[in-house]
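Please open the model in a viewer and keep the selection panel at hand. The tour below proceeds from one selection to the next.

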Amino acid sequence: MAVLRFFLKISPVLALLAIWYFATSLGMIKPFLLPSPQVVAMRLWRDVITGQFALNAGLTMYRALVGFAIACLIGVPAGMLIASDRFVRWFCEPLISVGFPMPKIAFLPVFMLWFGVYDLSKIVMVSFAAIFTVVAAAEAGTRGVDRVLLWSARSMGASRAAVFWDVILPAAMPQFLTGIQIALPVSLITAVAAEMLMGGAGLGGAMLAAGNYADSPGVFSGIAETSVVGLLAVGGMTQLRRRLLRWHPEFNPR
Amino acid sequence: MTGPRAEKIILAAAAYLPLVIVALIWEATTRLGLFSARLLPPFSDVVVAFFDLLRSGELLTNAIASLRRAFLGFVIAVCTGTTLGAGMALVPWIRSALDPIVQIFYPLPKSALIPLVLVWFGLGDTSKTFLVFLGCLLPMILSTYNGMRGLDPILAWSARSLGASRLEVVREVMLPAALPQILTGLRTTIAFMFLLMVSSELVIATNGLGYLIGAFGDQGSYAAMFATILVVTGLGFAADRGFLALTDHLLRWRA
């Protein structure tokens, strides 16, 4: 029963695959524009057994996650500082409001100029792209902490450090995590785009090479491989949120 | 004399003073030689390069090329996305047909589609327009769907019982109720539009602002490169501010 329901649920995806299969095997679309699913699947399999997939996906993940971690480690404290200090806020607010909507990827050539074309420039690019979201969410989260909570903790004799660790951090955590949850896909998008621009190993570089050599099975298997990486990252993040917010009403309705 | 108005202008200027300070620090550190001029051209050089680009018309033609492509893709995505999202919220079979497909494509980093549009459409305008369309489509579907799904059913029932037709309920009740979420989604989508516009032009293009940035970088004309980057930043900021003003205007009926 459960199996049947599952198949019913994913039937639109199966239908899409079937259309893809018949359209290509009946020759309705040129294989160059849309290679058949079996060709793409073979290519994926080859990438998996030759270790190409593990290598490229690992490199892309490494760049995206290190850049993302740096953005969080700097961004969360920075956002909290901006929220709690008026002078810092005055100085940083216009910078963030300009930086937030800007297409950060435009700075990629600058980072290539400053840090070369290897991992460092890609990681800096990822951090730069992700940090504005993290800072903005951390600031909003900290400012949104209920004043009454702070006053109560203080009046009951909590030290500043205790207020920070036991009141502000948990109360603002949902907002922090929301910012971080947006920043993670941004990190992946940026890592892939940076790899495309600079070439070399990694999912982005491999896909762009495939595109330039008109190797369309390579392009499609690359998209599938990138989706797997994206799925892992988004799924991992959802799990983390569930873990960290176990106590929160969000996961304990009533 | 012009009391409140002048005060407003002074307040706005004070709010953006930090940007001026950053520009001054940039100028001072480069002029003092703390950074090599090869790595970071002085701010004044960048301003000069900006006016040169403006005078030669290079900036304007490339900006128009970029914005035309991006905007076309964006508009098509917004129209299609809101329609599909509303369809998912209102019609059960559309929801069960589209939901799994949306779920599968949602985690895909959209920049991975750049080689795909290269293979399909080559280097011309269509490839970038299509990429922006694809990238903006999902956030629009999802924000419309979530906005309309979150509607209190009592509102729709009341309108129906007061004699509104189904179409009127959608237009007069459901859309206004979903508007805040749709607008939030639109704001994210605009940022996405700029991101995809620039990244696709950096990788595959023969004109446009992203192409210009990459080309100046390759030539070593760093002042012009920084000037173009600042123009892109300014465009993104202006679009965001303009959109926020529009949001305030559209949602003025709310408390």
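Which pattern does chain B follow when read along the sequence? Select chain B of this predicted model and trace the chain from its N terminus: the pattern is α-α-α-α-α-α-α-α-α-α-α. A colouring by secondary structure accordingly shows 11 helices and 0 strands in chain B.

Next, keep chain B selected and display its C-alpha atoms. Along the principal axes, these atoms fill a box of roughly 75 × 60 × 30 Å. The radius of gyration of chain B is 23 Å, whereas a compact globule of 255 residues would have a value near 18 Å.

Then colour chain B by burial. Of its 255 residues, 39% count as buried. For a contact map of chain B, consider the contacts between residues at least 6 apart in sequence: 68% of them join residues at least 24 apart.

Now add chain A and select the contact between the two chains. Chain A gives 44 residues to this contact, and chain B gives 43 residues. On the side of chain A that touches chain B, the elements giving two or more residues are helix H2 (11-25), helix H5 (86-99), helix H6 (108-115), helix H9 (160-198), helix H10 (203-212) and helix H11 (216-244) of chain A.

Which element gives the largest share of the side of chain A that touches chain B? Select H11(A), which provides 9 residues, the largest share.

Finally, colour this side of chain A by residue class. The selection holds 37 nonpolar, 6 polar and 1 charged residues.

Technical notes: Residues numbered from 1 in each chain as written. Chains lettered and ligands numbered in written order. Predicted model: local features only at pLDDT ≥ 70, side-chain atom pairs only at ≥ 80, totals over all residues. Helix = DSSP H or I, 4+ residues; strand = E, 2+ residues; numbered from the N terminus. Rg over C-alpha atoms; globule rule 2.2 N^0.38 Å. Buried ≥ 20, exposed ≤ 12 C-beta atoms within 10 Å, placed from the backbone. Contact = placed C-beta atoms within 7 Å. Nonpolar A, V, L, I, M, F, W, Y, C, P; charged D, E, K, R; others polar.
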